[in-house]
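Biologist: Please show me the model. Then I will ask what lies behind each label.

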Amino acid sequence: MSITLDIKYAARLLHKKPAFTALTIFIVAIGLGLTLYTYSLLSSLVFKPLLLNKDSAVISIEAEFDPSHLSRRGVDAYDFLTIRNELDSIDEFGIYENDTALIGKPQNNAATRKYNAVQIEWNVFEFSGVKPIMGRALIAEDHFEGAEPVIVLGYDVWQQYFLADKDIVNTSILVDAVATRVVGVMPQGFAFPMTAQIWIPIAQKYLTPTDRSRSWLFSYARLKTDVSFDVFSQELALLNKTVVKSLPDNMRWRLDDFEGYLRAVPYKKASITQFYSIFITMGVVVVLILLLACINVGNLLLARVNERFKEVAIRIALGVPRHRLILQMLLESIFICSVGGFLAVLFAGWGLELSNTVFDQMFMVNQEKPFWWQVSLDTDAIILLVLSVVAMIVITGFIPAWRALSCDFNGVLRDGTRGSQGKKAARASQILVISEIFLSCVVLVIATILLSTSYSAGQADYGVDTKNRITATLELPESSYPIRSDTEFELADTLKRTAFYYDLQDVLEQMPNIEAVAFMSSLPGTGEGASFFEIEGRAAAVYNENPFSNNEVASRGAWNALGMTVIQGRDFSLDDISEEIDTIIINESIANDFFPDGDAIGQRVRRAMRNVDREGGWQTIVGVVSDTFHGSAMRTSSEQYSSYFMLDNVGFSWINMAIHYSGSQVLAEKSLQQAINQVNNNATVYHIQSYDELISQPMILVSAISKVFLLCGVIAVFLAASGIYAVAANSVSQRTQEIGVRRALGASDSKIMQLFMRKALWQLVIGLSIGITLSLWVVNQMTDTMVINQGSYLIGLLGIPLLIVIMVIVATYVPTRKVVLMEPSDALHHD
Amino acid sequence: MNNNNTENSTQALVSLKDITKVFFTDDVETHAINNINLSINKGEYLSISGPSGCGKSTLLSLLGLLDTSSSGSYTLAGHNVSDLNRDERSAIRNKEIGFIFQAFNLISDLTVAENIELPLTYRSDFDATQRAAMVNAALDKVDMLHRAHHFPSQLSGGQQQRVAVARAISAKPAIILADEPTGNLDSKNAQIVMALLDQLHQEGATICMVTHDPRSAARAERMIEVFDGKIVADQLTQAPTAIAV
């Protein structure tokens, strides 16, 4: 009965101040919602080990991450065999190579379609604990030399391309124009190792290699239950030393700059190494937001207790038991945190749904979404929420209860007047304000720098005209266009491939809506990653002290379609198809920086490698083209120097293309498909999108995370502004009588204002010093993968502190002014 | 009722004419002070008494420029202070008025000496040395010099009030306004504080004290009684100090 009275009373108090109630619930919901959302996101994407229906985590063994290309690096099959033979800690192990494949139907003349393929070891399905829904999995015999080509289809391929044909198993389909028997269909959602849509047995030569090769393979593994990841990493590090020592000179390109090669890494982390620091930053930011929310709610409730001192004193005078008083204080917190927690679930659930939609959009074109990138609220998250709610109730309820119990109730009852805020309370207020300042500073600086950098990258001049341009990837079936390397047919085979591209270009350029066509290995705005080159007569003593440039393969006459121009010299020509003189075109930046006298044409350069054997022949510079930027402007792997090799001499089986069109984009896409059908309908075109969309692709994840940071930033501003105002108002309110005394003693308004503003400025100095230092440290953690421009630093490190200064000054000025404007007699008798 | 002192004194330090203070609460209009006329001469020791809620504290607030009247005029030391702005009123309070409050109202984060120095720091005519001398003199007068560097929380109630008296007199104000100065004290400490006020009066200070303790009121040389916002009695007493003067 008595507790019912307390509950009623708490409800009445909350109802009496609806704005306070709504504000505190909102703050709790935001803090907990963001925490829940980020925990679920980071847990699904990064931290929660990939178990795949078993107890032990899946790990990846691969080569050290390549920071210059921001990409994972594969391992030689020979070294994987060594690992398999020498490391007893491994329980299960398999290797694979990521690939794409063109799937076709032999029985009719249907168009082929590109899918993400993986050439993989037969044990993959057993390893993942998933069985096919139709047919069988791969078996060891499928790898043998001369075995019938077989394939296991993914559910979506079966559903969409083969229209859920129930008799698909044992039928023959075309895989890169080779007849291949379908042996099984996997269940929906299965895409292990990452984005696979079809599984093809890897060649036996990779499973039991007898010598080193240029193979580029990855692996999946599980450790024995009694072996920890750290112990295994140490074992692998020891083996790595042996492997590195045994590497012949012509294979030392596999090593990184620190002689590193093999590494073990948690499976999920391996796929996002380049974004890992950003995810960690996101986690830090959200923890700070949660702290801000806790401080705000705690402060609001503390302020409320200060208002209720008299009531508490009366209760104590009436003999309230201590536990009843604590319970009374806790009831409000329980209500606020519980309702806030419930709203947080809705908020987080909505955010996760939105994230799934963003992920689907992100990977719509390239279909490369890792299969575990499907986020939802799982049991762990709900447990975390319950624990967080309990922690918040304790923090936000017990602190005010303690404050209420520790007050001098006799003094309050006798005479509420005290000259000044207590020392402890004053110090607590200062700590609260400083905490709010530095926490909001960190969140806002990081959010602003990231947003500004992301925005600048989007607005950066990549040196190409993207208007009325579409891009696509074109792939030829290798079986129809083989290159017989190191034979007399090599050049002819190469030219056969390139002839297809030029034929396609001719057909397209004859169409009325097509202006120009370009083929390039990676179009400007994508394909970052540089290699060292040396200039004849100016080679550095060590290979990696030479300058470096991005290297691309380009078709003849590619420049016009991209809005680029030949500035000096000439374009590639048919005369350059020659074994005697290898030609190269450089961009304007290389010409300006290394040939400032305008004498680049005719000079010779070549690629500089770690091992002398792999240095290519000399290439003669025949032209200089306008600058372009390969890769996003915000990635450290992007480079302003670019060199172009002629497509005719390389003959890739796939190539990226850009089409300059007039009229509508849809018509241009139709024209492309028509032209391909006209030239050779075995070729497959995919990743068709506008040039602007292409440029946004490399940073699409960072852009999405930036939006989360923006949300965090907006929330931080709201929390900081309301929190600092509440702390300042509470602090000023507690000092109302002191202000009255000072006024009575003759202090002018300005003197009183100065007193509070000086204190606020001092808190600003401390808070901003800590905040800016911490922000710089966090931002520095991101610079291993991101280029942060000076403008972003300026906005972040000057603009945000300025904003916080204004915010704190206003938040201090307004409540202080309000009290100062009271008549001294009112201030002296303020209750 | 003897109103001679309130009307025609040429020596008046304080002169209130037709002062009214009206409070509005919702639709209710309360006349806390109702058309009061009052003069206080330099060197006078005056007590204001009356039942709770009669308006005596409001009257003291108006006298101390802690509040503004709704109508009427107020002259202090020959200057009309009715229409001053906030800062001008602050300056007058600082120079001409010393306050002693019932609840002492010392600032707990400042030491005894700093509390006393505080009003002196609000004006520019004293340097640090002068201020220190004035603080020491004031503390000496209330016999609290030995506690100069203590904080208020380390003092008894009586000691705190003596510090408050020292603060009130440190700048040698024209008038000392005391609002129930013994209200929070035991009889022994109350006696010490009242003796201090007597001593200040004997040294020439003008004191106006609100009290409803008849014994304290009796120590003043002139006693005013307020009821329902009006002065209902204004008479000289046979106070020992008055007799002495």
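**Domains, contacts and a buried strand**

Modeller: The centres of domain 2 of chain A and domain 3 of chain A, taken over C-alpha atoms, are 31 Å apart. This is a predicted model: local features need pLDDT of at least 70, side-chain atom pairs count only at pLDDT 80 or more, and totals for chains, interfaces and linings use all residues. Residues are numbered from 1 along each chain as its sequence is written, while chains are lettered from A and ligands numbered from 1 in the order in which they are written.

Biologist: How do you know which residues of domain 2 and domain 3 of chain A make the contact?

Modeller: Contact requires C-beta atoms, placed from the backbone, within 7 Å. That gives 10 residues from domain 2 of chain A and 11 residues from domain 3 of chain A. The bounds, 76-260 for domain 2 and 477-682 for domain 3, come from an automatic or database domain assignment.

Biologist: How many residues of chain A are in contact with chain B?

Modeller: 20 residues of chain A are in contact with 21 residues of chain B. The largest share of the chain A side, 5 residues, comes from α21(A). Helices (H or I, at least four residues) and strands (E, at least two) are DSSP runs, numbered from the N terminus.

Biologist: Why is strand β7 of chain B called largely enclosed?

Modeller: A residue is buried if 20 or more other C-beta atoms lie within 10 Å of its own, exposed if 12 or fewer, and partly exposed in between, with C-beta atoms placed from the backbone. In β7(B), residues 175-179, 5 of the 5 residues are buried, so the strand is largely enclosed by the rest of the structure. Ile175(B), Leu177(B) and Asp179(B) cover one side, and Ile176(B) and Ala178(B) the other.

Biologist: What makes β7(B) and β8(B) a pair?

Modeller: Two strands pair if DSSP finds at least two bridges between them. β7(B) and β8(B) have 5 bridges, in the parallel sense. Ala178(B) stands opposite Met209(B) in β8(B). β6(B) and β7(B) also qualify, parallel, with 4 bridges. There, Ile97(B) has Ile175(B) as its bridge partner.

Biologist: What makes the unit of β7(B), α7(B) and β8(B) right-handed?

Modeller: The test is the path from the first strand over the helix to the second: clockwise, with the strands pointing away from the viewer, is right-handed. β7(B), α7(B) and β8(B) make a right-handed β-α-β unit.

Biologist: Which strands form the open sheet of chain B?

Modeller: The order is β6-β7-β8-β3-β9-β10, 6 strands with mixed pairing. β6 and β10 of chain B are at the edges, each with a single partner strand, so one side of each has no neighbour in the sheet.

Methods. Two residues are in contact if their C-beta atoms, placed from the backbone, lie within 7 Å.
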